[in-house]
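Me: Got a structure I'd like to talk through with you. Can you take a look?

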There are 6 protein chains.
Amino acid sequence: MTSWLPTLITATPEAGYELAVKLARVAVKMTQADPAVRDRLRADYAEDAEALIAVSHVVAVHFATVAAANGYWRGDA
Amino acid sequence: MTSWLPTLITATPEAGYELAVKLARVAVKMTQADPAVRDRLRADYAEDAEALIAVSHVVAVHFATVAAANGYWRGDA
Amino acid sequence: MTSWLPTLITATPEAGYELAVKLARVAVKMTQADPAVRDRLRADYAEDAEALIAVSHVVAVHFATVAAANGYWRGDA
Amino acid sequence: MTSWLPTLITATPEAGYELAVKLARVAVKMTQADPAVRDRLRADYAEDAEALIAVSHVVAVHFATVAAANGYWRGDA
Amino acid sequence: MTSWLPTLITATPEAGYELAVKLARVAVKMTQADPAVRDRLRADYAEDAEALIAVSHVVAVHFATVAAANGYWRGDA
Amino acid sequence: MTSWLPTLITATPEAGYELAVKLARVAVKMTQADPAVRDRLRADYAEDAEALIAVSHVVAVHFATVAAANGYWRGDA
């Protein structure tokens with residue numbers, strides 16, 4: 001069976017950021033399971049500055065976790 | 001007696017994420033003990049983009065804790 | 001003299017979560033000392049999804065602290 | 001000259017929590033220097049559940065810092 | 001291929017802060033891909049104190065991550 | 001060339017707190033570069049309890065970073 005989250009380890013910081021975006025979205029999906037409703041809400045908040053900043057905030061919290069998991073990709077520096 | 005939270009250790013990151021969702025929900029239950037009220041509120045906020053993002057934020061904070069508890073599941077990488 | 005917070009150490013994760021809930025409530029009491037006002041406000045926000053999520057967020061931040069204090073109760077796993 | 005913040009070290013968790021409350025208040029004072037305005041605003045938000053929860057959130061963030069500074073007062077356990 | 005985020009390591013704290021600002025903005029771009037919409041929203045929230053504080057909050061979370069990644073630039077002190 | 005942020009190291013916790021306030025303000029300046037607009041917004045939010053609490057929250061996040069950078073000034077205790 002495939003997991004949507006097999007690991008927090010990513011090859012690069014950029015891939016880690018993309019994982020953080022995914023982690024932020026999954027909780028929304030779990031709370032609102034209907035894709036049609038999510039699409040409608042997404043159209044709304046994509047035009048709402050406060051909501052976009054709030055999304056960015058959630059991504060930031062997850063990115064902190066993913067970055068720590070990866071030892072901040074210090075080997076890439 | 002069974003605990004709803006016997007441990008923060010999970011076998012996989014995905015199970016850790018599910019635990020984070022649970023941790024976010026329990027505080028709501030403790031503050032609003034009436035399941036009928038919670039169901040009504042849930043129907044409301046599941047249609048509210050700002051509330052869904054706020055839920056995702058709480059999950060992110062708990063996921064950080066669960067991930068740290070599990071050493072970021074680095075052995076799975 | 002008895003302290004309301006003698007230690008952050010708890011026997012189990014569940015007890016740690018309950019301590020986090022307590023930690024979230026004490027700051028409210030310190031800011032609004034009148035129990036009658038708090039009871040009235042509580043009746044309001046217990047019916048308000050955004051407020052319930054906000055309460056859950058504060059609990060999440062305190063739970064992170066309590067969990068770290070307890071070494072994530074790894075010995076319980 | 002006396003500092004309002006000579007140290008983050010406190011004898012007990014309870015004293016650490018009180019320091020966190022103080023840390024949360026000082027930023028407000030620095031942004032709104034007029035005590036009369038602060039008193040008026042305080043009267044308002046002490047009756048506002050969302051604001052009280054927001055205050056509790058800021059205290060939680062500072063408490064995390066103070067608790068870490070004190071090694072979580074583990075010697076008290 | 002060039003990455004927008006090749007590393008979290010920066011030469012100075014100031015460069016780390018600039019990276020944090022960038023990290024905060026990218027999530028907004030990923031959620032609202034249309035630059036014209038973003039420009040319009042930006043014009044709005046740049047006049048909105050609450051939104052500016054919210055942006056600053058997201059930057060703070062990313063700065064914590066970048067600072068940790070860089071060992072707080074302690075070698076610069 | 002002088003940096004506005006040459007280091008996160010400060011002599012005292014109080015100076016660390018002042019640095020946290022500065023770190024919170026710079027992101028606002030970077031998003032709203034016009035000092036006249038900022039002064040107008042500042043006059044507004046200095047009278048708004050929710051905004052003052054939000055500012056205090058951002059300071060708390062930066063203070064956590066600065067305190068960690070300074071090893072919590074434990075040598076001062």
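**Cavity lining and the E–F interface**

Reply: Sorted by class, the largest cavity is lined by 8 nonpolar, 2 polar and 2 charged residues (Ala, Val, Leu, Ile, Met, Phe, Trp, Tyr, Cys and Pro count as nonpolar, Asp, Glu, Lys and Arg as charged, the others, Gly among them, as polar). This is a predicted model, where local features need pLDDT of at least 70 and side-chain atom pairs 80 or more, while totals for chains, interfaces and linings use all residues. Residues are numbered from 1 along each chain, chains are lettered from A, and side-chain values use heavy atoms, without hydrogens and water.

Me: What volume does the largest cavity have?

Reply: About 110 Å³. A cavity here is a set of points on a 1 Å grid over the protein atoms alone where a 1.4 Å probe fits but cannot get out, with lining residues having an atom within 4 Å of a point.

Me: Which element gives the most to that lining?

Reply: α1(E), with 4 residues.

Me: Switching to chains E and F: how many residues of each are in contact?

Reply: 29 of chain E with 32 of chain F, contact being heavy atoms within 4.5 Å.

Me: And which residues of chain E lose the most area to chain F?

Reply: E:E14, E:Y17 and E:I53, together 23% of what that side buries.

Me: Which side chains meet in a salt bridge there?

Reply: F:R40 and E:E47, at 3.2 Å, N to O. The rule finds 1 salt bridge across that interface (a side-chain nitrogen of Lys or Arg within 4 Å of a carboxyl oxygen of Asp or Glu).

Conventions. 1 Å grid on protein atoms, 1.4 Å probe; cavity = no way out; pocket = protein on both sides within 12 Å on 5 of 7 lines; lining within 4 Å. Points joined across faces, edges and corners; volume = space filled by probe spheres on them. Helix = DSSP H or I, 4+ residues; strand = E, 2+ residues; numbered from the N terminus. Buried area = accessible area lost by both parts, 1.4 Å probe.
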